[in-house]
Amino acid sequence: MPAMIADNVRSVRQRIAACCEKCGRTTDGVQLVSVTKTACVEEMREAIAAGVRAFGENRVLDAAAKHRLLADNAEWHLIGHLQTNKVRDAVGIFSLIHSVDSIKLAQAIDREASKIGKRQDVLIQVSTSGEESKFGLASDESIEFIHKIASFSNINIKGLMTIAPAVSDPETVRPYFRALRELLVKVNAVLSTKYGILSMGMTDDFEVAIEEGSNIVRIGRAIFSDKK
Ligand SMILES: *Cc1c(COP(=O)(O)O)cnc(C)c1O
């Protein structure tokens with residue numbers, strides 16, 4: 001049992017490498033963000049020992065508690081919805097915020113980042129599936145949105161993020177990943193930008209996401225759950 005996390009990390013890395021090889025990509029072009037929303041600090045230490053260098057958390061308060069104990073051992077990604085009243089803490093902790101989807105939130109991040117002299121790296125969350133229950137912008141409002149916040153001096157846009165609906169066959173969500181890649185191409189063409197990050201793919205669908213161009217996969221259960 002103690003070796004479970006190390007074994008899981010190794011197996012996830014092998015699957016990423018095999019998938020990259022299959023689609024002619026290099027493994028170091030895909031960053032593994034280990035999603036620790038269900039993991040305790042001890043398990044996170046095991047992940048660090050197994051070579052994990054990036055943690056993804058959904059909630060700022062959980063992340064803050066873990067960050068106090070493990071801060072320097074990893075980089076921290078916020079992957080869940082961010083409320084404006086948590087922005088100050090978030091900006092202090094996370095190297096990348098994946099979930100920017102409103103002007104109000106972007107303004108708050110810009111303001112808090114400016115107070116601590118930081119340029120906060122962010123991704124714009126887009127719901128390419130159009131699923132109502134999910135956070136994220138609609139694809140067709142995202143270019144105007146990005147254009148508006150691109151001028152904020154303490155926000156640094158790096159790319160796009162999406163969460164695909166949970167389905168049993170990952171092929172079902174391939175069109176949503178492809179749509180995010182195509183949207184990034186379009187954003188860069190229309191706004192003359194060079195945003196490069198596509199954060200997409202979780203335990204059940206990361207291989208399909210990598211085939212569609214993902215360069216950050218966010219993986220929780222395949223690492224921290226014994227019943228995936
Ligand atoms: C929980 C979560 C993940 C990880 O999901 P798994 O299926 O456990 O790999 C990835 N991204 C987001 C936004 C999440 O909330």
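This tour moves through a predicted model, from the ligand outward to helices, strands and loops.

**The ligand and its shell**

Begin by selecting the ligand together with the residues around it, which are V35, K37, N58, I79, I163, M202, T203, R218, I219, G220 and R221. Colour this shell by character, and the residues divide into five nonpolar, three polar and three charged. Next, display the distances from the oxygen atoms of the ligand: an N or O atom in the side chain of T203 is 2.5 Å from a ligand oxygen, a polar side-chain atom of R221 lies 2.7 Å from a ligand oxygen, and a polar backbone atom of G220 is found at 2.8 Å from a ligand oxygen. If you compute a surface here, the ligand taken alone exposes 390 Å², of which the protein buries 90%.

**Strand β8 and I219**

From the shell, keep I219 selected and extend the selection to strand β8, residues 216-219, in which I219 is found. With a relative accessible area of 0%, I219 is buried. Leaving aside neighbours within four places in sequence, the contacts of I219 are V12, L32, V33, S34, V35, M202, T203 and F206, and among these V35, M202 and T203 also belong to the residues around the ligand. A C-alpha distance drawn from I219 to G201, 18 residues apart along the chain, reads 7.6 Å.

**S214, in the loop leading to β8**

Step to S214, which sits in the loop between α8 (206-211) and β8 and counts as buried at 0% relative accessibility. Show the side chain of S214, and you can follow it to the backbone oxygen of I216 at 3.1 Å. Not counting residues up to four places away in sequence, S214 touches R25, V30, L198, M200 and A209. For a sense of scale, draw a line to R88: the C-alpha atoms of S214 and R88 are 29 Å apart in space, with their positions 126 residues apart in sequence.

**T162 and T128**

M200, which S214 touches, leads on to T162, since M200 is also listed among the contacts of T162. T162 lies in the loop between β6 (155-161) and α7, and at 1% relative accessibility it counts as buried. The C-alpha atoms of T162 and M200 are 5.6 Å apart, although the two residues are 38 apart in sequence. Beyond four places in sequence, T162 is in contact with V126, S127, T128, F177, L180, S199, M200 and R218.

Now select T128, one of those contacts, in the loop between β5 (120-125) and α6 (139-149). T128 is buried, with a relative accessible area of 14%. A polar atom of the T128 side chain lies 2.9 Å from the backbone oxygen of Y176, and the contacts of T128 outside its sequence neighbourhood of four places are S139, T162, Y176, A179 and L180.

**Helix α6 and the end of α7**

Select α6 next, and highlight S142, I143, F145, I146 and I149, which are buried. The buried residues of α6 pack against β4 (96-100), α5 (103-115), β5, β6 and α7. Following the chain past α7, stop at S192, in the loop between α7 (174-191) and β7 (197-199). S192 has a positive phi of about 50° although it is not a glycine, and at 69% relative accessibility S192 counts as exposed.

**Helix α2**

Finish at helix α2, residues 41-49, where V41, M44, A47 and I48 are buried. Which part of the helix do the buried residues of α2 line? Looking down the axis of α2, you see them fall within an arc of 110°, so they line one face of the helix. These buried residues pack against α1 (4-22), β2 (54-57), α3 (60-70), β3 (75-78) and α9 (221-224).

Within α2, centre the view on I48, which counts as buried at 13% relative accessibility. Its contacts, leaving aside neighbours within four places in sequence, are R53, F55, L70 and N73, and the C-alpha atoms of I48 and L70, 22 residues apart along the chain, are separated by 9.5 Å. Last, select G51, which follows α2 and has a positive phi, near 100°.

Key:
Residues numbered from 1 in each chain as written. Predicted model: local features only at pLDDT ≥ 70, side-chain atom pairs only at ≥ 80, totals over all residues. Heavy atoms only, no water. Near = heavy atom within 4 Å. Polar contact = N/O pair within 3.5 Å; in protein donor to acceptor, adjacent residues only side chain to side chain. Areas by Shrake-Rupley, 256 points an atom, 1.4 Å probe, with all protein chains shown as cover. Nonpolar A, V, L, I, M, F, W, Y, C, P; charged D, E, K, R; others polar. Buried < 20%, exposed > 50% of the residue type's maximum accessible area, 1.4 Å probe, protein only. Helix = DSSP H or I, 4+ residues; strand = E, 2+ residues; numbered from the N terminus. Arc of directions from axis to C-beta. Contact = heavy atoms within 4.5 Å.
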